[in-house]
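Me: Could you look over the helix packing in this one with me?

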Amino acid sequence: MKELLEKLTQAYSPSGSERSIREIIKAELANYETKTDALGNLIVEKKGNGKKIMFSAHMDEIGIMVTHIDKEGFLRFDFIGGVGAYNLPGERVRFANGTLGVISVEKLDKIGDLKRESLYIDIGAESREEAEKLVKVGDSAAFISPFIDLGNRVVSKAMDNRSACTVLVQLMKELPETDNHIVAVFSVQEEVGLRGATTAAFSVAPDYGMAIDVTATGDTPKGLTMEVGLGKGAAIKVKDRSIMVHPYVKEKLIELAEKNNIPYQMEVLEFGGTDAGAIHLSRSGVPSGVLSIPCRYVHSRSEMIDYRDLEAVLKLAKAFAGADLQ
Amino acid sequence: MFLKELSEASGISSREQEIRDLIREYVKPNVDEVFTDSLGNLYAVKGKDKVGPKVMLAAHMDEVGLMITNIEKNGLLRFSPVGGVDPRVLVSKPVAIGKNKVIGVIGAKAIHLQRPEERSQVLGYDDLYIDIGASDDEEAKKLVKTGDVVVFATKFQELGDLLLGKAFDDRAGCTALIELTKCEFACPVYFVFTVQEEVGLRGAGPASYRVAPDVALVLEGTTASDVGETDEANYSTTLGEGPAVTIMDRSVISHPGVVSMLFKLARENGIPLQMKRTITGGTDAGKISLSRGGVPTAVMAVPCRYIHSPVTVMNYNDLQHMVKLAEIFVQEIAQKGVELS
């Protein structure tokens with residue numbers, strides 16, 4: 001599964017441009033008939049007469065979009081999703097056509113003046129004409145950062161949310177025997193407002209929703225005040241800004257973790273949201289929960305997870321897929 | 001085109017009756033069916049039973065403005081904005097209040113009474129009031145009541161190709177939609193004039209749920225800052241360079257298939273088309289694209305300077321080009337459908 005994780009994290013797919021990651025996942029799940037909807041969500045189904053459970057993992061990643069190309073060939077840009085300006089200088093980006101660039105910043109009087117508007121991308125072009133042969137206004141780019149394996153801990157860009165895509169691909173490969181109707185949605189545009197999950201949930205009309213996503217941790221020097229930590233197991237979400245997890249779903253996950261000796265921790269997140277925020281409000285309401293993979297340095301180019309947590313989340317997802325639900 | 005009439009009509013979000021009645025008159029002769037829903041969205045339908053993709057073209061009828069919140073003892077009126085109004089531009093502007101269009105002016109403390117530091121500050125809503133010439137609250141209440149809406153009393157004018165008027169956001173889109181009702185299409189087309197866009201895209205969601213389109217195009221008036229001190233990087237759009245297509249804003253990432261189709265058709269037909277080069281703001285496309293199981297949606301807009309103020313400036317040619325390209329786009333959809341990915 002580590003090879004799959006590496007492959008998925010390295011794929012290019014900022015929100016709205018998820019085609020390449022979708023093709024990779026489709027190929028991984030070639031045994032299934034898959035469906036792509038109007039927004040680009042990839043929907044994979046195992047039919048059954050039991051409860052219909054929609055699992056959702058978003059495929060998109062944060063990135064940038066070009067808003068202007070100046071006379072000298074430098075690109076100005078805006079953010080796609082929650083990108084912080086302060087750690088961007090020196091980072092590198094890649095466009096869909098393979099064009100590479102580095103981000104730098106205008107001369108500032110003090111570092112506090114750094115904001116998005118003072119950043120630019122240099123793609124090595126010497127004029128606007130030369131730049132426009134490679135990049136147009138409106139083109140998106142993703143950050144680049146290699147996958148590194150530190151043993152239990154692994155680091156890459158886009159662990160948010162390719163780590164969860166890895167779990168969901170693996171879940172569909174190793175589905176337990178069950179009557180439950182399992183629908184795996186690899187959703188689009190989560191980072192810009194849970195948009196793919198909104199329409200997928202309407203189409204799927206599930207009995208239960210289960211998002212799989214990363215969550216923040218409180219286990220770094222003078223970091224967040226938060227219980228969640230790397231290596232402490234699958235995180236069962238209680239709440240974030242988008243959802244109060246349905247008590248039945250939360251209790252069921254705890255019960256399944258206890259019964260199957262799967263390490264778990266409870267997650268209370270004071271910010272952020274996941275696809276479950278959209279799913280649980282679809283149609284007349286869907287009891288929904290979230291399985292989270294703890295992740296340090298979320299939305300940076302070096303997102304770190306613990307591989308053992310990933311395995312725990314997979315086990316718990318499998319248990320939920322096969323569970324006898326009310 | 002009916003831009004002058006639409007620009008001068010009143011239709012603050014949630015009070016769209018006057019503008020809706022006007023639009024209904026204009027579209028009626030051109031379409032098979034016209035109806036209104038419970039929120040006030042106006043639908044004009046053409047070729048409902050034709051085979052082929054169901055196309056939804058949408059423009060919002062409502063405009064930003066003000067609402068009376070309190071009538072003071074001295075007969076002056078306090079107000080709040082409806083939608084995103086720039087408070088810097090309000091003072092001394094003439095306005096029309098309520099159904100009877102009672103004339104008033106937005107007032108503030110006189111310049112010779114202001115302290116030096118006050119002169120360099122922007123006046124907030126707390127510092128502004130509307131004066132309708134009433135000597136006390138009793139007299140004022142005969143003319144207006146709390147909850148009445150206020151529009152800017154701006155007359156439409158032409159300056160060569162450039163047009164001046166209020167509410168080109170989105171009466172430019174409404175004008176285009178009315179023009180398009182005159183065309184014949186080979187597929188079913190729903191022309192939807194939505195309500196309450198300026199207060200949170202509220203009309204478009206239910207409208208799109210009702211229509212359940214296969215593809216949607218939102219026609220808008222959008223921001224242009226191609227003037228003065230602005231860095232070229234922040235122009236967003238430029239007047240006279242054709243309508244602007246939104247790739248991404250705060251509400252939507254336009255469907256890439258629809259966007260590339262628009263640019264291809266513009267190229268083939270020699271129609272100027274630009275990209276909107278900032279990602280601020282949101283439009284009805286945000287709600288339409290997410291309705292039901294998802295709708296491929298894009299936004300095309302006429303660039304407008306000084307948007308969300310009492311006077312907007314746009315180029316008439318941009319509007320004509322938008323109408324032409326939208327027509328060709330729907331014809332192409334009728335023939336070939338939408339390339340999804």
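Reply: What follows goes through two helix pairs.
This is a predicted model, where local features need pLDDT of at least 70 and side-chain atom pairs count only at pLDDT 80 or more, while totals for chains, interfaces and linings use all residues. Residues are numbered from 1 along each chain as its sequence is written, and chains are lettered from A and ligands numbered from 1 in the order in which they are written.

Me: At what angle do helix 6 and helix 8 of chain A pack?

Reply: Helix 6 (residues 247-259) and helix 8 (residues 307-321) of chain A pack at about 115 degrees, with their axes 10 Å apart. Helix 6 and helix 8 of chain A are therefore roughly perpendicular (65 to 115 degrees counts as such).

Me: And which residues of helix 6 and helix 8 of chain A meet?

Reply: From helix 6 of chain A, A:Leu253, A:Leu256 and A:Ala257 meet A:Leu316, A:Ala319 and A:Phe320 of helix 8 of chain A, contact being C-beta atoms, placed from the backbone, within 7 Å. By class, this contact of helix 6 with helix 8 of chain A has six nonpolar residues, no polar and no charged ones (Ala, Val, Leu, Ile, Met, Phe, Trp, Tyr, Cys and Pro count as nonpolar, Asp, Glu, Lys and Arg as charged, the others, Gly among them, as polar).

Me: Switching over, how do helix 1 and helix 4 of chain A cross?

Reply: The axes of helix 1 (residues 2-10) and helix 4 (residues 159-173) of chain A cross at roughly 135 degrees and come within 9 Å. That makes helix 1 of chain A oblique to helix 4 of chain A, oblique being what remains once angles under 35, over 145 and 65 to 115 degrees are set aside.

How values were computed
Axes fitted to C-alpha atoms, helices over the stretch in contact; angles between N-to-C directions. Helix = DSSP H or I, 4+ residues; strand = E, 2+ residues; numbered from the N terminus. Contact = placed C-beta atoms within 7 Å.
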